[in-house]
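Biologist: I'm new to this one. Could you show me the model and walk me through the labels you put on it?

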Amino acid sequence: MPEDAAVMPQPITLANARLILPEGEMRGRITMAGDRIVDIAEDASVPMGAVDCVGDIVAPGLVELHTDNLERHIRPRPAVHWPHAAALIAHDAELASCGITTVFDAIRVGSVEGKGSVGWVRYARDLADEVLAIRARGALKISHHLHLRAEICSHSLIDELAQFGEEDRVGIVSLMDHTPGQRQFADIGQYEIYMKGKHGLSHQSFEEHVATRQALGAKVRDVHEAAAVAAAARFGAVLASHDDTTPDHVARSAGYGIALAEFPTTRAAAEACRSLGIAVMMGAPNLIRGASHSGNVAAEDLARAGLLDILSSDYVPSALLYGAVHLGEIWGDMVRAMATVTSRPARAAGLTDRGVLALGKRADLIRFRPMNTVPVLQAVWCAGTRVA
């Protein structure tokens with residue numbers, strides 16, 4: 001017997017499954033050995049030692065490009081700051097339980113100070129250090145990558161970006177301009193409801209906040225956008241736009257070489273993205289609710305128009321798989337729908353080793369069964385290890 005035979009991982013075969021393959025669905029079996037997929041076969045039988053999936057769907061693990069979930073864990077209430085390591089462990093476990101096996105943790109870069117504004121403190125470098133350290137210790141269930149949300153309307157963006165380098169392996173940098181009165185917050189009335197509900201602002205303090213942020217945005221927008229674009233190139237990161245609203249916004253994004261648009265707010269912007277070959281990502285909560293919470297374009301309208309390429313769970317991790325199943329109902333095509341949460345986001349992020357069930361790819365898999373239109377997860381594997 002070879003010396004290391006006792007510690008070699010045993011192959012795991014999932015049989016009698018509805019496999020979601022790149023070329024279509026197939027009733028068959030799939031085998032993992034170590035962290036790779038080593039066999040796929042069309043066969044309804046259940047070999048000895050295999051797991052009988054009784055017709056459940058087996059698909060690639062979900063790939064999440066933009067989630068605010070880590071920030072929600074570190075700041076569960078506006079005035080509450082939770083210990084970062086504990087928050088990260090809880091966040092990681094929650095994503096695994098939702099079928100997400102690869103995540104780009106969105107971390108804000110850029111702080112705001114001063115009278116009349118709701119402040120944003122600096123935290124990006126410290127939080128990124130903790131993510132990288134805990135990841136290096138092997139304490140996380142799934143694959144974590146860094147996504148820096150570059151807040152254009154801020155004071156400290158350039159200084160904070162300078163704290164990151166190529167060694168951090170930042171995967172995505174997104175250009176985010178949350179100046180009131182444009183993009184996501186074009187409807188000031190909706191923005192007022194949001195800010196008063198979240199921060200308890202009075203009417204006067206809200207008006208001061210809007211005036212302060214608009215003045216800041218006008219002052220720093222061009223120089224901060226240029227700095228974020230340069231930083232993404234320095235990191236070797238994918239550059240994404242955020243909340244494009246007009247064709248002019250999209251043209252500006254295209255001029256930077258952006259190939260991924262996060263949450264365009266209008267159909268006109270989504271159509272402009274399509275004409276320029278920019279992938280459109282929309283929020284799964286928007287899709288499931290049938291509307292944007294900010295009053296912007298409905299994801300379902302874009303899906304029905306053929307203008308939706310990628311889904312993100314945004315602020316509800318369980319929405320990602322649920323949204324994909326809902327898309328399968330809309331399109332009548334589960335393979336196409338599952339691609340919006342697996343192969344397409346993986347490709348957009350430059351990850352070529354995952355996102356599909358294929359020989360030699362990472363053994364990131366989920367097993368689930370639809371209960372009416374709600375997916376019920378049965379098991380999740382990340383790099384061949386069961387994590388949920």
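Modeller: Here is how some of those labels come about. It's a predicted model, where local features need pLDDT of at least 70, side-chain atom pairs count only at pLDDT 80 or more, and totals for chains, interfaces and linings use all residues. Residues are numbered from 1 along each chain as its sequence is written, and side-chain values use heavy atoms, leaving out hydrogens and water.

Biologist: Why is C98 called buried or exposed, whichever applies?

Modeller: Buried means under 20% relative accessible area, exposed over 50%, and partly exposed in between (1.4 Å probe, protein chains only). C98 has 11% relative accessibility, so C98 is buried. C273, at 1%, therefore counts as buried too.

Biologist: And what makes V374 buried, partly exposed or exposed?

Modeller: V374 comes to 33%, so the label is partly exposed. V374 sits in strand β15, residues 374-382 (strands are DSSP runs of E, at least two residues, numbered from the N terminus).

Biologist: How do you know how many disulfides there are?

Modeller: A disulfide is a pair of cysteine sulfur atoms within 2.5 Å. Searching the whole structure gives zero disulfides. For C98, the nearest cysteine sulfur belongs to C382 and is 14 Å away, and C98 is in no disulfide.

Biologist: What makes R125 lie over the face of F164?

Modeller: The rule wants NZ of Lys or CZ of Arg within 6 Å of the ring centre and within 35 degrees of the ring normal. R125 lies over the face of F164 at 4.3 Å from the ring centre. Likewise, the charged end of R386 sits over the ring of W381, 5.8 Å from its centre.

Conventions: Helices (H or I, at least four residues) and strands (E, at least two) are DSSP runs, numbered from the N terminus.
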